[in-house]
Amino acid sequence: MEESFLINGGKILSGKVEVEASKNAYLPILASSILCDKDVTFLNVPNFSDIHSMCEILKRLNVKFEYFGNVLSLDVSNVKNEKITHDLTNKLRASIFLLGAMLGKFRQAIISYPGGCNIGQRPIDIHINAFKSLGVKVIEKHGYIYCNASNMKAGKVVFTSVSVGATESLMMCACLLKGETTLVNVAKEPEIVDLANFLNKMGGKISGAGTDVIKIIGVESLHGGEYKVMPDRIIAGTYLILGAMCGKNLQISGFRKEDNNFLFNIMRESACEIIEKNGNIIVSARGRNKAYRYLETAPFPNFPTDLQPQIMAMQSVASGTCVLKENVFENRFNHVMELVKMNADIFVKDRIAIISGVEKLYGADVFATDLRAGAGLVLAGLVADGYTTVHNVQYIDRGYENLERKLEMLGADIKRIKFE
Ligand code: EPZ
(Lines give C-alpha, C1' and ligand atoms only; values in the text may rest on other atoms or scores of the structure.)
Protein backbone atom coordinates (compact mmCIF):
# COMPACT_ATOMS: atom_id res chain seq x y z
CA MET A 1 0.00 0.00 0.00
CA GLU A 2 1.40 3.36 -1.00
CA GLU A 3 1.46 6.16 1.58
CA SER A 4 1.76 9.89 0.88
CA PHE A 5 1.68 13.20 2.67
CA LEU A 6 -1.05 15.65 1.59
CA ILE A 7 0.13 19.16 2.48
CA ASN A 8 -1.82 22.41 2.24
CA GLY A 9 1.04 24.89 2.24
CA GLY A 10 1.45 28.47 3.45
CA LYS A 11 1.04 28.02 7.20
CA ILE A 12 3.37 29.60 9.78
CA LEU A 13 4.82 26.91 12.07
CA SER A 14 5.51 27.50 15.75
CA GLY A 15 5.82 25.57 18.98
CA LYS A 16 8.37 23.10 20.29
CA VAL A 17 9.84 20.08 18.53
CA GLU A 18 12.10 17.44 20.07
CA VAL A 19 14.91 16.05 17.89
CA GLU A 20 15.02 12.23 17.95
CA ALA A 21 18.19 10.22 18.49
CA SER A 22 20.51 9.93 15.51
CA LYS A 23 19.76 7.25 12.89
CA ASN A 24 23.35 7.39 11.60
CA ALA A 25 24.75 6.94 15.10
CA TYR A 26 22.31 4.19 16.15
CA LEU A 27 22.91 2.01 13.09
CA PRO A 28 26.66 1.38 13.62
CA ILE A 29 26.21 1.31 17.41
CA LEU A 30 23.49 -1.37 17.18
CA ALA A 31 25.67 -3.45 14.85
CA SER A 32 28.67 -3.11 17.19
CA SER A 33 26.60 -4.29 20.19
CA ILE A 34 27.31 -7.91 19.10
CA LEU A 35 30.92 -7.29 20.22
CA CYS A 36 29.69 -7.06 23.83
CA ASP A 37 29.48 -10.10 26.12
CA LYS A 38 26.66 -8.78 28.29
CA ASP A 39 23.26 -7.12 27.80
CA VAL A 40 23.23 -3.65 26.28
CA THR A 41 20.35 -1.23 26.95
CA PHE A 42 19.65 1.75 24.72
CA LEU A 43 17.62 4.52 26.34
CA ASN A 44 16.32 6.62 23.44
CA VAL A 45 15.68 4.39 20.44
CA PRO A 46 13.80 6.28 17.69
CA ASN A 47 10.98 4.71 15.69
CA PHE A 48 12.71 4.75 12.27
CA SER A 49 12.21 1.92 9.80
CA ASP A 50 15.98 1.69 9.26
CA ILE A 51 16.38 0.89 12.96
CA HIS A 52 13.80 -1.90 12.63
CA SER A 53 15.65 -3.27 9.59
CA MET A 54 18.90 -3.35 11.59
CA CYS A 55 17.14 -5.16 14.45
CA GLU A 56 15.87 -7.76 11.95
CA ILE A 57 19.47 -8.50 10.99
CA LEU A 58 20.56 -8.78 14.65
CA LYS A 59 17.67 -11.19 15.31
CA ARG A 60 19.08 -13.43 12.56
CA LEU A 61 22.29 -13.53 14.64
CA ASN A 62 20.23 -14.71 17.63
CA VAL A 63 20.26 -11.37 19.48
CA LYS A 64 17.23 -11.24 21.80
CA PHE A 65 15.28 -7.98 22.22
CA GLU A 66 13.14 -6.44 24.92
CA TYR A 67 11.33 -3.15 24.22
CA PHE A 68 9.93 -0.83 26.91
CA GLY A 69 8.70 2.24 25.00
CA ASN A 70 11.85 3.71 23.46
CA VAL A 71 14.13 1.73 25.78
CA LEU A 72 15.57 -1.30 24.04
CA SER A 73 17.50 -4.08 25.78
CA LEU A 74 19.64 -6.46 23.74
CA ASP A 75 20.69 -9.89 25.06
CA VAL A 76 23.89 -10.49 23.10
CA SER A 77 25.14 -13.36 25.28
CA ASN A 78 24.40 -16.00 22.66
CA VAL A 79 25.13 -14.30 19.33
CA LYS A 80 25.56 -16.75 16.44
CA ASN A 81 27.68 -16.33 13.31
CA GLU A 82 25.03 -16.66 10.61
CA LYS A 83 25.15 -15.84 6.89
CA ILE A 84 23.59 -12.39 6.36
CA THR A 85 21.41 -12.92 3.31
CA HIS A 86 20.27 -10.54 0.58
CA ASP A 87 16.73 -10.18 1.96
CA LEU A 88 18.26 -8.56 5.06
CA THR A 89 20.95 -6.41 3.41
CA ASN A 90 19.22 -5.07 0.31
CA LYS A 91 17.03 -2.59 2.24
CA LEU A 92 19.78 -1.12 4.35
CA ARG A 93 23.13 0.44 3.44
CA ALA A 94 24.08 0.13 7.13
CA SER A 95 23.89 -3.69 6.90
CA ILE A 96 27.55 -3.47 5.83
CA PHE A 97 28.42 -2.61 9.46
CA LEU A 98 27.71 -6.24 10.39
CA LEU A 99 30.78 -7.25 8.37
CA GLY A 100 33.18 -5.28 10.58
CA ALA A 101 31.37 -6.33 13.75
CA MET A 102 31.32 -10.04 12.80
CA LEU A 103 35.01 -9.99 11.83
CA GLY A 104 35.72 -8.31 15.15
CA LYS A 105 33.72 -10.94 17.05
CA PHE A 106 34.01 -14.17 15.05
CA ARG A 107 36.92 -13.53 12.66
CA GLN A 108 34.60 -14.95 9.96
CA ALA A 109 31.64 -13.53 8.03
CA ILE A 110 29.50 -14.18 4.98
CA ILE A 111 27.30 -11.28 3.98
CA SER A 112 25.41 -10.10 0.91
CA TYR A 113 25.81 -6.62 -0.59
CA PRO A 114 24.15 -3.62 1.09
CA GLY A 115 21.24 -1.75 -0.46
CA GLY A 116 20.18 1.75 0.60
CA CYS A 117 18.98 5.03 -0.88
CA ASN A 118 19.64 5.39 -4.63
CA ILE A 119 21.87 8.46 -4.37
CA GLY A 120 24.78 6.84 -6.13
CA GLN A 121 26.64 3.57 -6.72
CA ARG A 122 27.44 3.18 -3.01
CA PRO A 123 30.37 0.76 -3.49
CA ILE A 124 32.08 -0.86 -0.49
CA ASP A 125 35.63 -1.05 -1.89
CA ILE A 126 37.04 1.26 0.81
CA HIS A 127 35.66 -1.07 3.52
CA ILE A 128 37.00 -4.21 1.77
CA ASN A 129 40.47 -2.77 1.04
CA ALA A 130 40.80 -1.63 4.64
CA PHE A 131 39.93 -5.13 5.95
CA LYS A 132 42.46 -6.63 3.51
CA SER A 133 45.17 -4.28 4.78
CA LEU A 134 44.77 -5.95 8.21
CA GLY A 135 45.20 -9.39 6.64
CA VAL A 136 41.55 -10.35 6.12
CA LYS A 137 41.04 -12.80 3.22
CA VAL A 138 38.09 -11.63 1.08
CA ILE A 139 36.38 -13.56 -1.73
CA GLU A 140 33.44 -11.96 -3.53
CA LYS A 141 31.28 -14.39 -5.52
CA HIS A 142 27.66 -15.21 -6.31
CA GLY A 143 26.48 -11.98 -4.65
CA TYR A 144 28.17 -12.69 -1.35
CA ILE A 145 31.31 -11.48 0.42
CA TYR A 146 33.20 -14.34 2.13
CA CYS A 147 35.68 -13.08 4.73
CA ASN A 148 38.23 -15.01 6.75
CA ALA A 149 40.05 -12.97 9.40
CA SER A 150 41.81 -15.81 11.24
CA ASN A 151 45.16 -14.20 10.34
CA MET A 152 44.02 -10.61 10.90
CA LYS A 153 46.66 -8.52 12.71
CA ALA A 154 46.57 -5.08 14.31
CA GLY A 155 48.29 -2.50 12.16
CA LYS A 156 47.97 0.75 10.23
CA VAL A 157 45.12 1.43 7.80
CA VAL A 158 45.40 4.47 5.52
CA PHE A 159 42.03 5.11 3.86
CA THR A 160 42.29 6.01 0.17
CA SER A 161 39.40 8.46 0.61
CA VAL A 162 37.20 9.60 3.48
CA SER A 163 34.30 7.24 4.22
CA VAL A 164 31.99 7.46 7.25
CA GLY A 165 30.90 3.83 7.03
CA ALA A 166 34.36 2.40 6.37
CA THR A 167 35.77 4.32 9.35
CA GLU A 168 33.05 2.86 11.57
CA SER A 169 33.49 -0.65 10.14
CA LEU A 170 37.20 -0.67 11.00
CA MET A 171 36.61 0.72 14.51
CA MET A 172 34.32 -2.24 15.22
CA CYS A 173 36.61 -4.76 13.55
CA ALA A 174 39.73 -3.71 15.55
CA CYS A 175 38.08 -3.25 18.96
CA LEU A 176 38.84 -6.81 20.13
CA LEU A 177 41.99 -7.21 18.00
CA LYS A 178 45.16 -7.70 20.10
CA GLY A 179 47.65 -4.81 19.63
CA GLU A 180 47.27 -1.25 18.38
CA THR A 181 45.45 -0.43 15.16
CA THR A 182 45.80 3.05 13.66
CA LEU A 183 43.26 4.42 11.19
CA VAL A 184 44.47 7.35 9.05
CA ASN A 185 42.46 9.70 6.79
CA VAL A 186 39.25 8.83 8.65
CA ALA A 187 35.88 10.57 8.57
CA LYS A 188 35.26 12.97 11.51
CA GLU A 189 31.45 12.99 11.71
CA PRO A 190 29.88 13.33 15.20
CA GLU A 191 28.35 9.86 14.72
CA ILE A 192 31.87 8.41 14.67
CA VAL A 193 32.62 10.09 18.00
CA ASP A 194 29.38 8.63 19.38
CA LEU A 195 30.37 5.14 18.23
CA ALA A 196 33.75 5.53 19.96
CA ASN A 197 32.00 6.80 23.12
CA PHE A 198 29.70 3.76 23.09
CA LEU A 199 32.50 1.23 22.55
CA ASN A 200 34.68 2.91 25.21
CA LYS A 201 31.79 2.89 27.70
CA MET A 202 31.56 -0.88 27.09
CA GLY A 203 35.29 -1.26 27.86
CA GLY A 204 36.93 -0.42 24.53
CA LYS A 205 40.12 1.64 24.14
CA ILE A 206 39.57 4.02 21.21
CA SER A 207 41.12 7.49 20.97
CA GLY A 208 41.17 10.23 18.34
CA ALA A 209 37.58 9.88 17.07
CA GLY A 210 36.62 13.20 15.44
CA THR A 211 40.21 13.85 14.30
CA ASP A 212 42.13 12.58 11.24
CA VAL A 213 43.71 9.65 13.11
CA ILE A 214 41.94 7.08 15.29
CA LYS A 215 43.93 4.72 17.54
CA ILE A 216 42.38 1.47 18.77
CA ILE A 217 44.05 -0.70 21.42
CA GLY A 218 42.43 -4.14 21.24
CA VAL A 219 40.84 -5.39 24.50
CA GLU A 220 39.97 -8.92 25.60
CA SER A 221 36.23 -8.30 25.76
CA LEU A 222 33.52 -5.67 26.00
CA HIS A 223 31.03 -5.76 28.87
CA GLY A 224 27.42 -4.55 28.68
CA GLY A 225 25.73 -1.42 30.01
CA GLU A 226 23.38 1.43 29.17
CA TYR A 227 23.78 4.06 26.47
CA LYS A 228 21.94 7.14 25.22
CA VAL A 229 22.76 8.02 21.61
CA MET A 230 23.36 11.61 20.39
CA PRO A 231 20.53 13.64 18.80
CA ASP A 232 20.05 13.41 15.04
CA ARG A 233 21.91 16.41 13.63
CA ILE A 234 20.27 16.01 10.20
CA ILE A 235 16.76 16.13 11.67
CA ALA A 236 17.86 19.12 13.79
CA GLY A 237 19.21 20.83 10.66
CA THR A 238 16.00 20.03 8.76
CA TYR A 239 13.95 21.84 11.44
CA LEU A 240 16.34 24.81 11.46
CA ILE A 241 15.90 25.21 7.70
CA LEU A 242 12.13 24.77 8.10
CA GLY A 243 12.09 27.53 10.72
CA ALA A 244 14.00 29.88 8.42
CA MET A 245 11.42 29.21 5.71
CA CYS A 246 8.13 29.44 7.62
CA GLY A 247 8.76 29.38 11.37
CA LYS A 248 7.66 31.75 14.12
CA ASN A 249 9.46 31.08 17.43
CA LEU A 250 9.93 27.47 16.35
CA GLN A 251 11.77 25.89 19.30
CA ILE A 252 14.13 23.02 18.49
CA SER A 253 15.17 21.02 21.53
CA GLY A 254 18.17 18.71 21.08
CA PHE A 255 19.98 20.94 18.56
CA ARG A 256 23.70 20.52 19.36
CA LYS A 257 25.44 23.50 17.73
CA GLU A 258 28.78 21.67 17.58
CA ASP A 259 27.14 19.09 15.28
CA ASN A 260 25.78 21.71 12.90
CA ASN A 261 28.21 24.63 13.10
CA PHE A 262 28.47 25.12 9.35
CA LEU A 263 24.67 25.30 8.86
CA PHE A 264 24.24 27.43 11.98
CA ASN A 265 26.79 29.97 10.73
CA ILE A 266 25.35 30.30 7.23
CA MET A 267 21.85 30.59 8.68
CA ARG A 268 22.97 33.73 10.46
CA GLU A 269 23.48 35.27 6.98
CA SER A 270 19.87 34.55 6.03
CA ALA A 271 16.90 36.69 6.99
CA CYS A 272 15.77 34.45 9.81
CA GLU A 273 16.18 35.24 13.50
CA ILE A 274 17.91 32.60 15.69
CA ILE A 275 17.89 32.79 19.48
CA GLU A 276 19.73 30.37 21.78
CA LYS A 277 17.86 29.84 25.08
CA ASN A 278 18.46 27.21 27.81
CA GLY A 279 20.07 24.83 25.37
CA ASN A 280 17.29 25.22 22.80
CA ILE A 281 17.35 26.99 19.45
CA ILE A 282 14.42 29.27 18.63
CA VAL A 283 14.11 30.23 14.97
CA SER A 284 11.76 32.62 13.16
CA ALA A 285 11.48 33.49 9.50
CA ARG A 286 11.93 37.18 8.85
CA GLY A 287 10.67 37.68 5.30
CA ARG A 288 12.31 36.36 2.16
CA ASN A 289 15.79 34.85 2.68
CA LYS A 290 18.68 36.04 0.54
CA ALA A 291 20.19 33.25 -1.58
CA TYR A 292 23.62 31.85 -0.62
CA ARG A 293 25.81 32.62 -3.61
CA TYR A 294 27.74 29.34 -3.37
CA LEU A 295 27.40 26.19 -1.24
CA GLU A 296 29.05 22.81 -1.54
CA THR A 297 28.64 19.57 0.39
CA ALA A 298 31.68 17.85 1.92
CA PRO A 299 32.59 15.62 4.86
CA PHE A 300 32.25 16.99 8.40
CA PRO A 301 32.79 19.72 9.56
CA ASN A 302 31.68 21.12 6.20
CA PHE A 303 28.11 21.39 4.89
CA PRO A 304 26.54 17.89 5.12
CA THR A 305 25.28 16.14 2.00
CA ASP A 306 22.29 14.92 4.04
CA LEU A 307 20.99 18.50 4.25
CA GLN A 308 21.48 19.26 0.54
CA PRO A 309 17.88 18.61 -0.60
CA GLN A 310 16.52 20.60 2.36
CA ILE A 311 18.72 23.66 1.72
CA MET A 312 17.81 23.40 -1.96
CA ALA A 313 14.11 23.74 -1.03
CA MET A 314 14.98 26.85 1.00
CA GLN A 315 17.07 28.34 -1.83
CA SER A 316 14.26 27.65 -4.34
CA VAL A 317 12.29 30.57 -2.85
CA ALA A 318 15.23 32.76 -1.75
CA SER A 319 15.97 36.06 -3.50
CA GLY A 320 18.89 35.69 -5.90
CA THR A 321 20.81 32.73 -7.32
CA CYS A 322 22.52 29.92 -5.39
CA VAL A 323 25.16 27.63 -6.92
CA LEU A 324 25.04 24.34 -5.02
CA LYS A 325 27.68 21.64 -5.57
CA GLU A 326 27.16 18.04 -4.40
CA ASN A 327 30.65 16.62 -3.81
CA VAL A 328 29.83 13.45 -1.84
CA PHE A 329 27.36 11.42 -3.93
CA GLU A 330 27.24 11.26 -7.71
CA ASN A 331 23.46 10.97 -8.02
CA ARG A 332 21.90 13.13 -5.33
CA PHE A 333 19.79 15.55 -7.40
CA ASN A 334 16.74 13.34 -7.98
CA HIS A 335 14.60 15.85 -6.06
CA VAL A 336 15.39 18.65 -8.55
CA MET A 337 12.83 17.63 -11.16
CA GLU A 338 10.23 17.30 -8.41
CA LEU A 339 10.94 20.83 -7.17
CA VAL A 340 10.74 22.10 -10.78
CA LYS A 341 7.21 20.64 -10.95
CA MET A 342 6.43 23.08 -8.09
CA ASN A 343 7.72 26.07 -10.13
CA ALA A 344 11.31 26.01 -8.85
CA ASP A 345 13.89 27.31 -11.36
CA ILE A 346 16.85 24.93 -11.11
CA PHE A 347 19.44 23.99 -13.72
CA VAL A 348 21.68 20.96 -13.14
CA LYS A 349 24.99 20.18 -14.85
CA ASP A 350 26.93 17.19 -13.46
CA ARG A 351 27.30 17.80 -9.72
CA ILE A 352 26.28 21.46 -9.81
CA ALA A 353 22.73 22.82 -9.37
CA ILE A 354 22.06 26.49 -10.20
CA ILE A 355 19.00 27.58 -8.22
CA SER A 356 17.36 30.86 -9.27
CA GLY A 357 15.01 31.73 -6.43
CA VAL A 358 11.34 32.28 -7.36
CA GLU A 359 8.71 34.27 -5.47
CA LYS A 360 6.43 31.28 -5.06
CA LEU A 361 6.27 27.52 -5.28
CA TYR A 362 2.94 25.92 -6.21
CA GLY A 363 1.50 22.66 -4.92
CA ALA A 364 1.98 19.57 -7.12
CA ASP A 365 2.19 15.78 -7.10
CA VAL A 366 5.84 15.02 -6.27
CA PHE A 367 7.73 11.79 -5.65
CA ALA A 368 10.32 11.15 -2.93
CA THR A 369 13.27 9.16 -4.33
CA ASP A 370 15.27 8.87 -1.11
CA LEU A 371 15.06 9.80 2.54
CA ARG A 372 16.48 13.33 2.42
CA ALA A 373 14.95 14.17 -0.97
CA GLY A 374 11.60 13.37 0.64
CA ALA A 375 12.35 15.74 3.52
CA GLY A 376 13.25 18.48 1.05
CA LEU A 377 9.97 18.02 -0.82
CA VAL A 378 8.01 18.25 2.44
CA LEU A 379 9.72 21.59 3.21
CA ALA A 380 8.83 22.84 -0.27
CA GLY A 381 5.21 21.68 0.14
CA LEU A 382 4.93 23.50 3.48
CA VAL A 383 5.70 26.88 1.86
CA ALA A 384 3.99 26.25 -1.51
CA ASP A 385 0.66 27.76 -2.51
CA GLY A 386 -2.06 25.10 -2.57
CA TYR A 387 -1.91 21.34 -2.14
CA THR A 388 1.19 19.17 -2.53
CA THR A 389 1.12 15.38 -2.42
CA VAL A 390 4.49 13.89 -1.51
CA HIS A 391 4.42 10.25 -2.63
CA ASN A 392 6.64 7.37 -1.40
CA VAL A 393 6.85 8.58 2.19
CA GLN A 394 8.22 5.17 3.15
CA TYR A 395 11.58 6.75 2.29
CA ILE A 396 10.96 9.53 4.83
CA ASP A 397 9.92 7.01 7.51
CA ARG A 398 13.42 5.52 7.26
CA GLY A 399 14.83 8.45 9.22
CA TYR A 400 12.00 10.69 10.50
CA GLU A 401 9.53 9.54 13.17
CA ASN A 402 5.85 10.35 12.41
CA LEU A 403 7.01 13.50 10.61
CA GLU A 404 3.46 14.47 9.63
CA ARG A 405 2.26 14.36 13.25
CA LYS A 406 5.18 16.49 14.49
CA LEU A 407 4.57 19.06 11.76
CA GLU A 408 0.82 19.08 12.46
CA MET A 409 1.60 19.84 16.14
CA LEU A 410 3.53 22.89 14.87
CA GLY A 411 0.54 24.13 12.88
CA ALA A 412 1.10 22.53 9.49
CA ASP A 413 -1.89 21.33 7.48
CA ILE A 414 -0.51 17.87 6.64
CA LYS A 415 -2.07 14.41 6.59
CA ARG A 416 -0.74 10.94 5.87
CA ILE A 417 -2.94 9.34 3.22
CA LYS A 418 -2.94 5.69 2.21
CA PHE A 419 -3.67 4.49 -1.31
CA GLU A 420 -4.94 0.88 -1.60
C1 EPZ B 1 26.91 7.61 5.62
O2 EPZ B 1 26.82 6.85 4.44
C3 EPZ B 1 25.48 7.99 5.99
N4 EPZ B 1 24.71 6.78 6.24
C5 EPZ B 1 24.84 8.79 4.84
O6 EPZ B 1 23.54 9.19 5.27
C7 EPZ B 1 25.68 10.04 4.61
O8 EPZ B 1 25.15 10.75 3.51
C9 EPZ B 1 27.14 9.64 4.31
O10 EPZ B 1 27.66 8.83 5.40
C11 EPZ B 1 28.05 10.85 4.13
O12 EPZ B 1 28.02 11.63 5.27
C13 EPZ B 1 24.87 6.14 7.44
O14 EPZ B 1 25.63 6.55 8.28
C15 EPZ B 1 24.03 4.92 7.64
P16 EPZ B 1 30.48 7.32 2.90
P17 EPZ B 1 28.12 6.04 3.88
O18 EPZ B 1 31.08 5.98 3.00
O19 EPZ B 1 28.92 5.52 5.02
C20 EPZ B 1 31.92 6.61 -1.57
C21 EPZ B 1 21.19 9.39 5.14
O22 EPZ B 1 20.42 10.02 4.39
N23 EPZ B 1 32.35 5.29 -1.08
O24 EPZ B 1 31.06 8.45 3.72
O25 EPZ B 1 27.67 5.11 2.83
C26 EPZ B 1 30.41 6.77 -1.53
O27 EPZ B 1 29.80 6.22 -2.68
C28 EPZ B 1 22.39 8.67 4.54
O29 EPZ B 1 21.05 9.30 6.39
C30 EPZ B 1 33.11 4.49 -1.92
O31 EPZ B 1 33.41 4.86 -3.05
O32 EPZ B 1 28.93 7.25 3.20
C33 EPZ B 1 30.24 8.26 -1.44
O34 EPZ B 1 30.35 8.81 -2.74
C35 EPZ B 1 22.50 8.89 3.05
N36 EPZ B 1 33.52 3.27 -1.47
C37 EPZ B 1 31.45 8.69 -0.60
O38 EPZ B 1 32.40 7.62 -0.69
C39 EPZ B 1 33.22 2.83 -0.20
O40 EPZ B 1 33.65 1.71 0.17
C41 EPZ B 1 31.12 8.91 0.88
O42 EPZ B 1 30.46 7.74 1.34
C43 EPZ B 1 32.45 3.66 0.64
C44 EPZ B 1 32.04 4.89 0.18
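Let's start with a small enclosed space: R233, D259, N260, N261, F262, F300, P301, N302 and P304 line the second largest cavity. Keep in mind that this is a predicted model. That cavity holds about 40 Å³ of space. Its lining is a mix by class, with four nonpolar, three polar and two charged residues.

How many cavities of 30 Å³ or more turn up when the whole structure is searched? The search finds two, and the largest cavity has about 60 Å³ of space in it. To find this one, look for T238, Y239, L242, A375, V378, L379, Y400, L403 and L407, which form its lining. Three helices, α8, α12 and α13 (residues 403-409), each put at least two residues into that wall. The class make-up here is eight nonpolar residues, one polar and no charged ones.

Now for the open space. The largest pocket comes to about 1,200 Å³ in volume. Its lining takes in 49 residues, and if you want to place its centre, the closest ones are R122, V164, G165, V328 and F329. Which elements give two or more residues to this lining? They are α1 (23-32), α5 (125-133), α6, α8 (233-246) and α12 (371-383). You've met two of those names already, since α8 and α12 also help line the largest cavity. Sorted by class, the pocket lining has 21 nonpolar, 11 polar and 17 charged residues.

Helix α6 is a good place to go next. Two packed helices are described by the angle between their axes and by the distance between those axes. For helix α4 (residues 97-106) and helix α6 (residues 164-174), the angle is about 15 degrees and the axes are 7 Å apart. Angles under 35 degrees count as roughly parallel, so α4 is roughly parallel to α6. The crossing in which α4 passes α6 is right-handed.

Who does the touching? On the α4 side, the contact is made by F97, G100, A101, L103 and G104. From α6 come G165, E168, S169, M172 and C173. By class, this contact between α4 and α6 has five nonpolar, four polar and one charged residues. One residue is worth a second look on screen: G165 is part of the contact with α4, and G165 is also listed among the residues closest to the centre of the largest pocket.

Terms used:
Residues numbered from 1 in each chain as written. Predicted model: local features only at pLDDT ≥ 70, side-chain atom pairs only at ≥ 80, totals over all residues. Heavy atoms only, no water. Axes fitted to C-alpha atoms, helices over the stretch in contact; angles between N-to-C directions. Helix = DSSP H or I, 4+ residues; strand = E, 2+ residues; numbered from the N terminus. Parallel < 35°, antiparallel > 145°, perpendicular 65-115°, else oblique. Left-handed = near helix turned anticlockwise from the far one by under 90°. Contact = heavy atoms within 4.5 Å. Nonpolar A, V, L, I, M, F, W, Y, C, P; charged D, E, K, R; others polar. 1 Å grid on protein atoms, 1.4 Å probe; cavity = no way out; pocket = protein on both sides within 12 Å on 5 of 7 lines; lining within 4 Å. Points joined across faces, edges and corners; volume = space filled by probe spheres on them.
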